[in-house]
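Here's a quick briefing to read alongside the model. Have the sequence and the 3D view open as you go.

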Amino acid sequence: MAKFADYYKNYIDGEWVDGGAGRIDVINPGTGEKITTHALADAADVDRAVQAAKRVHMSGVLTAPRPVERGRMVKAMGQYILDNLEMYAELLCAEQGKPMWEALVEIRGSSRYFEYYGNQAETLEGKSIPLGNGYIDYTVYEPYGVTAHIIPWNYPVEMAARSISCALTSGNTIVVKSAELTPVTSMIWAHAAEAAGFPAGTINVVCGYGHEAGAALAGHADVRQVVFTGSVATGSAVAQAAAKNIVPCVLELGGKSAAIVHDDADLDAFERDIRWGIFFNAGQVCTAMSRVLVHESRKDELVEKAVKIAKSLSVGPGVDRPEFGMNMGPMISVEQRDRAVGLVAKSVEEGATLETGGHAMNIPGSFLEPTILSNVTPHMTVAQTEIFGPVLSVISFKDENEAFEISNGTEFGLVGGVFTKDLGRATRATRAIKAGQVFVNEWYAGGVETPFGGFGKSGYGREKGREALWNYMQTKNVAIKMS
Ligand code: NAD
């Protein structure tokens with residue numbers, strides 16, 4: 001396994017530096033033990049990082065060459081990630097807790113963003129607009145300049161890869177604020193940028209508390225675009241800070257996403273969707289299938305299958321789970337785990353049936369038993385609140401319209417799903433579900449190529465796909481009067 005150093009620093013303007021706010025302990029959630037410490041940035045560190053990124057942007061060094069050159073450098077970052085796959089997966093497995101095979105999936109997936117967007121650097125073309133004789137008019141797309149990337153702990157590498165690759169491809173410079181619970185793997189951006197030959201200051205990486213470094217970054221007057229992935233409450237604070245400087249945001253927030261399972265659904269196939277949909281990354285996925293709405297005629301059968309899957313998962317430290325299989329790691333922290341335990345207990349008080357799980361496991365680390373709740377009703381706390389853990393709520397419905405109403409009956413709208421053999425039912429659901437992405441007969445269908453983002457309080461703006469590139473560029477129109 002990769003060995004941790006005793007201490008990791010922030011990366012500002014090409015230098016590894018201490019933080020003005022001191023240091024933070026990094027804990028392995030799979031053991032509860034401290035694994036290292038990391039520098040903590042204060043507002044002055046953030047300012048230095050922003051000024052470095054601004055200097056690189058203003059120099060024009062990223063936009064002067066032919067775009068294919070920038071695209072090749074973006075792809076080189078992806079290659080660096082692949083070349084160091086095992087080492088970063090081991091660090092991720094230790095600091096985030098996820099099983100080693102899931103860490104490998106995340107690091108490999110992170111590299112893929114750089115391939116996908118790097119390939120597109122030279123396709124970002126403007127258009128010419130006819131204005132009649134005597135004029136030439138055209139549009140160009142220009143980068144915003146300094147972009148801020150505020151990252152959560154659930155996919156600390158992949159969430160950053162998603163926006164950094166896109167922002168760099170379109171010629172922006174970058175300040176990353178890593179999540180304070182999982183800061184170590186973020187050094188990947190410094191090393192990858194150096195390996196690809198980006199000038200010092202193009203990418204800066206700081207770890208710091210949200211209320212301190214995060215707030216300083218979101219509200220910095222020289223930041224021209226902000227991408228935030230995290231909770232609704234923090235997203236709202238970030239958007240308000242950015243709005244004071246008239247700065248656009250991409251907000252990727254939470255979800256309470258529902259699969260609608262009709263009476264004709266293939267429940268044997270749906271077992272796979274339960275396994276991935278709610279137990280991948282211990283349910284700490286913004287697009288987790290945290291609610292299953294099942295036709296009342298199939299409820300008992302579905303609950304039986306869900307319980308079987310939950311009970312078959314081997315739960316324990318990620319480092320002991322190297323192979324893909326029926327296993328699950330810890331939640332990120334004891335606080336998050338205990339919050340989930342409390343929400344499950346509350347749902348039982350409110351009348352839900354605890355079919356299996358629901359308790360903290362009596363081993364070191366922050367483990368929660370894989371949990372299935374049935375007889376959940378749409379307005380229970382557990383059906384409305386994002387748990388962000390391995391807890392599935394099963395709700396029954398009588399007819400399609402009721403299913404749509406329940407599916408759309410939360411403040412969120414990140415993704416949704418429908419499981420049926422009937423094309424008419426499926427397409428009606430794709431229209432009725434108020435969410436940024438709808439899966440038909442496979443939870444998590446899609447990929448780097450497919451645009452992703454929320455309706456409602458799940459956020460705005462889109463990541464992934466070509467559409468995401470337009471979050472990082474502004475249109476300039478050039479109107480020329482010919483003499
Ligand atoms: P969080 O909102 O607590 O923290 C996210 C980041 O914001 C962290 O880096 C934190 O330090 C920073 N932050 C905190 N306060 C801040 C402030 N005032 N100003 C600026 N930055 C601040 O979220 P979390 O607990 O890290 O992540 C869990 C949440 O993230 C869940 O709700 C989940 O659904 C959501 N999430 C969404 C997506 C998506 O793509 N939609 C992906 C992953 C996670």
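What follows covers the ligand site and then the main nonpolar core.

This is a predicted model, where local features need pLDDT of at least 70 and side-chain atom pairs count only at pLDDT 80 or more, while totals for chains, interfaces and linings use all residues. Residues are numbered from 1 along each chain as its sequence is written, and side-chain values use heavy atoms, with hydrogens and water left out.

**Around the ligand**

- The ligand has 28 residues around it (a heavy atom within 4 Å), and Lys177, Glu180, Ser231, Leu253 and Glu386 come nearest.
- By class, that shell holds 14 nonpolar, nine polar and five charged residues.
- Helix α7 (210–218) is among the elements that supply at least two shell residues each, and α7 gives the most, with three.
- Domain 1 (7–253 + 459–478) and domain 2 (258–447) each put at least three residues into the shell; the bounds come from an automatic or database domain assignment.

**Polar partners and cover**

- One ligand oxygen atom sits 2.6 Å from a side-chain N or O atom of glutamate 180.
- For tryptophan 153, the distance from a ligand oxygen atom to a side-chain N or O atom is 3.0 Å.
- At isoleucine 151, a polar backbone atom is 2.7 Å from an oxygen atom of the ligand.
- The protein covers 87% of the 850 Å² of accessible area (Shrake-Rupley, 1.4 Å probe) that the ligand has on its own.

**The nonpolar core**

- The largest nonpolar core (buried nonpolar residues, under 20% relative accessible area, joined through side-chain atoms within 4.5 Å) has 93 residues.
- Met77, Trp189 and Phe270 have the most contacts inside this core.
- Helix α4 (residues 100–118) provides the largest share of this core, nine residues.
- Both domain 1 and domain 2 give residues to this core, so it lies between them.

Definitions and conventions:
A polar contact is a pair of N or O atoms within 3.5 Å; within protein, one must be able to donate a hydrogen and the other to accept it, and residues adjacent in sequence count only if both atoms are side-chain atoms. Helices (H or I, at least four residues) and strands (E, at least two) are DSSP runs, numbered from the N terminus. Ala, Val, Leu, Ile, Met, Phe, Trp, Tyr, Cys and Pro count as nonpolar, Asp, Glu, Lys and Arg as charged, and the others, Gly among them, as polar. Buried means under 20% relative accessible area, exposed over 50%, partly exposed in between (1.4 Å probe, protein chains only).
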